[in-house]
Structures are given as C-alpha cells and as structure tokens.
Amino acid sequence: MIDKKKNYGFLALLDRGPRGNTTEQVERTLRSAIVALDFAPGEFIDKGLVCERLGVSRFPVSEALTRLAAEGLVEVLPQRGTRAARIRRSEIQESMLIRRALEAMVAEAAARRLPSSALAALQENLQAQEEAVARGDRAGFYTLDLVFHAILVDSLEMPRVAAVIEASRANIDRVRRLLSSPRRHAVTFAEHRVLVRVIEAHDPEAARRAMEAHLDAVMDELERFSSAHPEVFMPQ
C-alpha cells in the first residue's frame, strides 16, 4: 500500500522566477516542509520525487539539500541517502537559552515602554488566539503565536535582537510543531494573556518572570515528549 505522504503532495510546482534563483526557491520550499514536519525527523527524502513535484532538475535539489545540511536540518548518509535530520536536544536547549535571555529582556523593555499601538495589536492578537483555540485551528494558532512575539520585538525597534532570535528558530519551530496540541495551545494562550497583563501594568520584573515561565514550560514539555518518542531525537 502506498503511503499518501510519500507522494509529496505538500510540494507543488515552482513558479519559476528570474534565472539563477531556482536553488534558492528549492531551498526555501524544502526548509518550510522540514520545519512544518511534512518531512518527519529521520524520514528519508526521495530526490527524484522532489524533482518531479517541483519541476526541477536534480542539481538545484542536491545543492539545496547541501545547504540545509549545513543548517543542521538534513543529514546526508553516504550510500544511504539524505533524510530530514532528527532533532538534537542539545541544540534546542542552546537555542532556547538564547531565546529565553533575549525575550525576557524584551518583555522587561515592553513593560517600560511598549507603544500603545503595540498593546492594542497584542490584544487583537490575543482575541484571535482565543478564537483559534476554540475552533482547534492548529496552523492558525501557530502563526498567531509567531506574530505575538514579533509584535513585542518589532514594536521596540530591536532589529539585531530580532535577527538573533530568527536565526535560532528553525529547529525550535520543529519542536513547537511536534508539541502542538489543543491542550498546549490553551496553555500558551493563558501564558500570553498573563504576559500582556503585566506589560500593561508596567511591571518589568513580572514581565520578565512571565516570559521566562512561558519559555521554560516549552522545555519541560519537550523533555516529556523526548522521553516518549526517542526515535525523533539524535542520541545524546
């Protein structure tokens, strides 16, 4: 019986742009598929089928996979093929440590000086989060979660901080999708609501603690998940 997922129906023909950017398009497409868990951690990637689905030759696919290997998103196994990389807990822990430190600082700064327009945007985002939780919209909630954190950083005009957070996000996003569930979304929404409340109260210390607790909860859940699903993770 053919596994429907093996048909790579999540990949579509590329809209061919200017000459020379095919590899970049393939790289973006494959990165998105890996982060979205369309390619599960440890799943081998059929290059021929990727070429067929995207409508490209083997060269840009091979080049894109080489670049993604440098990012740690794929593993190239000699004589065996290329697969979506299993997740390294040590890398996630390091990335989360960076994010925790930076976003705690952002939360403190937000409690001191977040513009009223940004507070309004956060409230609007929270309303949309609540609606997404109610209808069980996992993809919608995931996007709203990203926007929530982006509002804080962008409204404070911290482009370097935003760049560092973004650079460490690919593997973290895979973990967040693995942990995605109606319960996790409800908990995340509640944590976001507490964070906005203390920011509105202009309490920097409480804002820092709320952000740290929010991100620590993700790591606690990751530890539980990794114990139950060791095949998804690289041996330590």
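This is a short talk on the two largest pockets in this structure, which is a predicted model.

A word on the approach. Rolling a probe the size of a water molecule over the atoms shows where empty space is left.

I start with the largest pocket. The space in it comes to about 380 Å³. Its lining is made up of 19 residues. If you want to find the place in the structure, look for Ala167, Ser168, Arg169, Ala170 and Asn171, since these lie nearest the centre of the largest pocket.

Which helices supply the lining? At least two residues each come from helix H1 (22-35), helix H4 (89-113), helix H7 (159-167) and helix H8 (169-178). H8 gives the largest share, with 5 residues. Sorted by class, the lining of the largest pocket holds 8 charged, 7 nonpolar and 4 polar residues.

Now the second largest pocket. Here the space is about 200 Å³, and 14 residues form the lining. Nearest the centre of this pocket are Leu146, His149, Ala150, Ile165 and Arg169. Two or more residues of the lining come from each of H4, helix H6 (138-155), H7 and H8. Which of these gives the largest share? That is H6, with 6 residues. By class, the second largest pocket is lined by 8 charged residues, 5 nonpolar ones and 1 polar one.

One residue to point out before I stop is Arg169. This residue is among those nearest the centre of the largest pocket, and it is also among those nearest the centre of the second largest pocket. H4, H7 and H8 likewise appear in both linings, with at least two residues each in the largest pocket and two or more in the second largest.

Notes
Residues are numbered from 1 along each chain as its sequence is written. This is a predicted model: local features need pLDDT of at least 70, side-chain atom pairs count only at pLDDT 80 or more; totals for chains, interfaces and linings use all residues. Side-chain values use heavy atoms; hydrogens and water are left out. On a 1 Å grid over the protein atoms alone, a cavity is a set of points where a 1.4 Å probe fits but cannot get out, and a pocket is an open set with protein on both sides within 12 Å along at least five of seven lines; lining residues have an atom within 4 Å of a point. Grid points are joined across faces, edges and corners, and a volume is the space filled by probe spheres set on the points. Helices (H or I, at least four residues) and strands (E, at least two) are DSSP runs, numbered from the N terminus. Ala, Val, Leu, Ile, Met, Phe, Trp, Tyr, Cys and Pro count as nonpolar, Asp, Glu, Lys and Arg as charged, and the others, Gly among them, as polar.
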